[in-house]
Every structure is written in structure tokens, then in C-alpha cells.
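Student: Hey, could you walk me through this one? I'm new to it and don't know where to look.

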Amino acid sequence: MCDLCNHSPHLRGCPNEPPPKAIHECVWCGSSILEGQDYYDIDGEPWCENCIKSSRTTAED
Ligand SMILES: [Zn+2]
Ligand SMILES: [Zn+2]
């Protein structure tokens, strides 16, 4: 039992909560994709949301 939040496991946002684990690393920018975070799996390769967003563009003639 945690003495700060009185819960086990910790309540969300408890300062004693262990930091989220990095599960993947974005193939493009190398940033960590943390446990519980959404990411894109493209042909088995992990892409973070930022890289997908910055790759999105509009077709123009
Ligand atoms: Zn706690
Ligand atoms: Zn990325």
C-alpha cells in the first residue's frame, strides 16, 4: 500500500507511481513510445503520432 495515495496500485498521478515504461522507439524520430500510448504500426514498424502528423499533407496540383 502506498502512503501517499493509499492505493495499490497507485492512483493515477500519484508521485510515487513508477514512470511509464517505453515499449517501442519510433523508427523515424527515435522518441520513446510509452506503455498505454497510441502509436502507428506500419508494416510492423512503430511510428509515433507526431511523425505521422508531420507526414500528412494535402495533394495539390
Ligand atoms: Zn501512490
Ligand atoms: Zn516519431
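Student: Let's start with C48: buried or exposed?

Tutor: C48 is buried, because its relative accessible area is 9%, under the 20% cut-off. Keep in mind that this is a predicted model.

Student: OK, and what does C48 bind?

Tutor: The zinc ion (ligand 2), which is coordinated by the SG atoms of C26, C29, C48 and C51, at 2.3 Å.

Student: What spacing do those donors follow along the chain?

Tutor: They go C-x2-C-x18-C-x2-C. The pair C29 and C48 links distant parts of the chain, 19 residues apart. C29 sits in the loop between strand 1 (22-25) and strand 2 (32-34), while C48 is in the loop between strand 4 (45-47) and helix 1 (49-55).

Student: What about C29, how much of it is accessible?

Tutor: Its relative accessible area is 44%, so C29 counts as partly exposed.

Student: And what's the geometry at that zinc ion, ligand 2?

Tutor: Tetrahedral, with angles of 105 to 118 degrees among the four donor atoms. For reference, the ideal angle for four tetrahedral donors is 109.5 degrees.

Student: Which residues make up the largest nonpolar core?

Tutor: Five residues: C26, I33, W47, C48 and C51. C26, C48 and C51 also coordinate the zinc ion (ligand 2).

Student: What does C26 touch, leaving out residues up to four places away in sequence?

Tutor: S31, I33, P46, W47, C48 and C51.

Student: Switching over to the zinc ion called ligand 1, which residues hold it?

Tutor: C2, C5 and C14 through SG, plus H10 through ND1, at 2.0 to 2.3 Å. Along the chain, the spacing reads C-x2-C-x4-H-x3-C.

Student: Why is the arrangement around ligand 1 called tetrahedral?

Tutor: Because the four donor atoms around the zinc ion (ligand 1) subtend angles of 99 to 119 degrees, and all angles have to lie between 85 and 135 degrees for that label.

Student: Are H10 and C14 buried or exposed?

Tutor: H10 is partly exposed at 25% relative accessibility. C14 is buried, at 8%.

Student: Zooming out, what pattern does the protein follow along the sequence?

Tutor: It reads β-β-β-β-α. The protein's radius of gyration is 17 Å, well over the 10 Å that the globule rule gives for 61 residues, so it is more spread out than a compact globule.

Student: What does the C-alpha trace span?

Tutor: About 60 × 20 × 15 Å along its principal axes.

Student: And how much of the protein is buried?

Tutor: Buried residues make up 15% of the 61.

Note on methods: Residues are numbered from 1 along each chain as its sequence is written. Chains are lettered from A and ligands numbered from 1 in the order in which they are written. This is a predicted model: local features need pLDDT of at least 70, side-chain atom pairs count only at pLDDT 80 or more; totals for chains, interfaces and linings use all residues. Side-chain values use heavy atoms; hydrogens and water are left out. Donors are N, O and S atoms within 2.8 Å of the metal (3.2 Å for Na, K and Ca); water is not among the atoms, so sites may look incomplete. Four donors count as tetrahedral if all angles lie between 85 and 135 degrees; four count as square planar and six as octahedral if opposite donors are over 155 degrees apart and all others between 65 and 115; anything else is irregular. Buried means under 20% relative accessible area, exposed over 50%, partly exposed in between (1.4 Å probe, protein chains only). A nonpolar core is a set of buried Ala, Val, Leu, Ile, Met, Phe, Trp, Tyr and Cys residues joined through side-chain atoms within 4.5 Å. Contact means heavy atoms within 4.5 Å. Helices (H or I, at least four residues) and strands (E, at least two) are DSSP runs, numbered from the N terminus. The radius of gyration is taken over C-alpha atoms; the globule rule is 2.2 Å times the number of residues to the power 0.38.
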